[in-house]
Amino acid sequence: MQVVVAKTKKKPLDFIADQIPKLVLSPTILMTIVFIYGYVIWTGVLSFTKSSFLPNYKFAGTLQYEKLFENERWGVAVDNLFIFGGLFILICLALGIFMAILLDQRIRAEGAIRTVFLYPMALSFIVTGTAWKWILNPGLGLERLVKDMGFENFTFDWLINSDMAIYTLVIAAVWQSSGFVMALFLAGLRSIDSSIIKAAQIDGASLPKIYWRIILPSLRPVFFSAFIILCHIAIKSFDLVKALTNGGPGYSTDLPATFMYAFSFTRGQIGLGSASAMMMLAGVLAILIPYLYSELRGTRNA
Amino acid sequence: MHDSTVLGPQTSSAKLGRIFIYAILAFLVLFYLMPLVVMFLTSVKSMADIRTGTLISWPKEFVFDAWGKAWSSACTGVACEGVSGYFLNSIKIVLPAVFISTFLGALNGYVLTKWKFKGSDLFFGLLLFGCFIPFQVVLLPMAQTLGWLGLANTTAGLVFVHVVYGMAFTTLFFRNFYVSVPSELVSAAKIDGAGFFTIFWRILLPVSTPIIVVCVIWQFTQIWNDFLFGVVYAAGDTQPITVALNNLVNTSTGVKEYNVEMAAAIIAALPTLLVYVLAGKYFVRGLTAGSVKG
């Protein structure tokens, strides 16, 4: 195309016409530079200042980061992220793969079952949190249900137990997101060349063995994508905590995202909040950069 | 697609396996449906019925008072006007934000595939970062900017924020779609003298329906379900429905009315549930397209 344009004689109007694509893209370019990269840098700058209720641009070195790492509540939030994120990702992957394999067995009403597994993904985490808060309500929810079934001594008070409340977040988050993992894997399973499976069957391999040795290994890219997305959801988790436990009891279910919100917007410690946001970004990048690197290398070699 | 003979049952022990598979699936279906069923059953019970019954007990009598109260008179923080106003706020935010971000995404995708210039690929790479950043890292500067622009606590401000941070996704959708539209079509039109916008309106947009649907559904769900931007950038009567629902549920004063809470939760969930039921196929496509590549 470039060649055709270059060979025809340039009229003044052509110059403007040549610029149109760049002009059309320019608002987005500007927004990206300002609202994504500019703001990240801005938050980064704030994290090196003494900003409290209002931003203050006096350089304060790594003071906020030192304060952050000495802050017990931040420690709890980070530990919680590992507990919550680890379990959430592990269970979602296992359950998602399991459901995908089940649905891959020529199931009647597959469409309807798929719809049921996936609808939680359409809901907001606030709705999910509200629903599970009610189900896990110690006096009236699941506990009451089991007691009425005759198990008088049954207790299920995780929601108000500061040692266990973090696991209620896992339950609700898994309910919400596992269907999505199922959808990814089902799509992956459906794209596998069936002649490979047939060959293995002729060799006498059993169905579980075929899945374990042949099918699942070939779904490695799907596995990594799902892993990255789940990591991302875990690090960003904010709504669910707000609705289900509001960080409590105490701050036992705080995650970095709720920590950042609390310190930046209700406690007026903008510097500390910024430092925590930068740490969240670092967490995302630590997962993302190796992933993108391997992805790009993979496509280049292919 | 698997060949249907490949993984099918062959022996009677395999038949037992089939029963086992269906049993597990039935259990899982119950697990996924349970919260929605519980929410609905609770919303149509009276408070007395809730206190005496259990989560899944059938209502003694179906009463829809809680729905009326949730819609028009329940307290969400200070105000006691139900969630109707906030529902409307969400609509006012979602419609323009979805329209603008989709349109810009389409134009961007068109430029990035059919009018590439030096640096446009690099820019696309840089833009993709916007799909991944935790929004906490832009919250504070944006709050200050909205204040400067006089958009703090306004619907317009939230529309602006959603357009800005939805752009990376919409551009990604359209770019990946337009890559598969043959460039020869565009080249031929250029030789015929068609300009930038003519080609967009006459050639690209008419074939874009599938990706527009995916993009609109994705953006609609994202923006309707947003809580973080809503809770930070809106106050009082400009709050979206998710914030209002959270206020309603987490109000510590007064007697907890679980039936009203559940009714409000269903109201907040209805638009996206409806989209999912009506256009589930495109919803899934959006989920996978927006996340696998992004």
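Which residues of chain B does the UniProt annotation "transmembrane region" cover? According to that record, an unreviewed entry, they are residues 20-41, 93-111, 123-143, 155-178, 199-220 and 262-284. Keep in mind as you read that this is a predicted model.

## Annotated spans in both chains

Let's look at two of the chain B spans. Residues 93-111 are 100% helix and 0% strand, and the C-alpha atoms at the two ends lie 27 Å apart. Residues 123-143 are 86% helix and 0% strand, with 26 Å between the end C-alpha atoms.

Chain A has its own list. Under "transmembrane region", UniProt (again an unreviewed entry) gives residues 20-42, 81-103, 115-135, 164-189, 210-235 and 270-293 of chain A. Of these, residues 115-135 are 71% helix and 0% strand, and their end C-alpha atoms are 22 Å apart. Residues 164-189 are 96% helix and 0% strand, with their end C-alpha atoms separated by 36 Å.

## The disulfide

A search through the whole structure turns up 1 disulfide over all chains. The partners are B:C75 and B:C80, whose sulfur atoms are 1.9 Å apart. The disulfide is right-handed, because the torsion about its S-S bond is about 100°. B:C75 is partly exposed, at 33% relative accessible area, and B:C80 is partly exposed too, at 38%.

Now for two cysteines elsewhere. A:C92 is in no disulfide, and the nearest cysteine sulfur, in A:C231, is 11 Å away. With a relative accessible area of 0%, A:C92 is buried. What about B:C131? The closest cysteine sulfur, in B:C215, lies 11 Å from that of B:C131, which is too far for a bond. B:C131 counts as buried because its relative accessibility is 5%.

## A helix with a buried side

Which residues of helix α8 in chain B are buried? This helix covers residues 183-191, and B:V186, B:A189 and B:K190 are buried in it. They span an arc of only 105° around the axis, so they sit on the same side of α8(B). Their packing partners are α4 (84-114) and α9 (196-204) of chain B.

Turn to the face pointing away from the buried side, and you will find the exposed residues B:E184 and B:I191. After α8(B) comes B:G193, with a positive phi near 95°.

## Loops worth a look

Where is A:R106? This residue lies in the loop between α4 (72-103) and α5 (110-118) of chain A. Its phi is near 50°, a positive value in a residue other than glycine. A:R106 counts as partly exposed, at 44% relative accessibility.

Chain B offers B:N153, in the loop between α6 (136-148) and α7 (155-178). B:N153 is not a glycine, yet its phi is positive, about 55°. Its relative accessible area of 38% makes B:N153 partly exposed. Back in chain A, the peptide bond from A:G248 to A:P249 is cis, with omega near -5°. A:P249 belongs to the loop between α12 (239-244) and α13 (256-266).

## One lysine and its neighbours

Let's finish with B:K69, in helix α3 (residues 65-72) of chain B. At 30% relative accessibility, B:K69 is partly exposed. Leaving aside residues up to four places away in sequence, B:K69 touches B:A74, B:G82, B:E257 and B:V260. B:F129 is 60 residues from B:K69 along the chain, and their C-alpha atoms are separated by 43 Å.

Definitions and conventions: Residues are numbered from 1 along each chain as its sequence is written. Chains are lettered from A and ligands numbered from 1 in the order in which they are written. This is a predicted model: local features need pLDDT of at least 70, side-chain atom pairs count only at pLDDT 80 or more; totals for chains, interfaces and linings use all residues. Side-chain values use heavy atoms; hydrogens and water are left out. Helices (H or I, at least four residues) and strands (E, at least two) are DSSP runs, numbered from the N terminus. Buried means under 20% relative accessible area, exposed over 50%, partly exposed in between (1.4 Å probe, protein chains only). Contact means heavy atoms within 4.5 Å. UniProt positions are given in the numbering used here, feature names are shortened, and annotations may be inferred rather than shown by experiment. The arc is that of the directions from the helix axis to the C-beta atoms. A disulfide is a pair of cysteine sulfur atoms within 2.5 Å.
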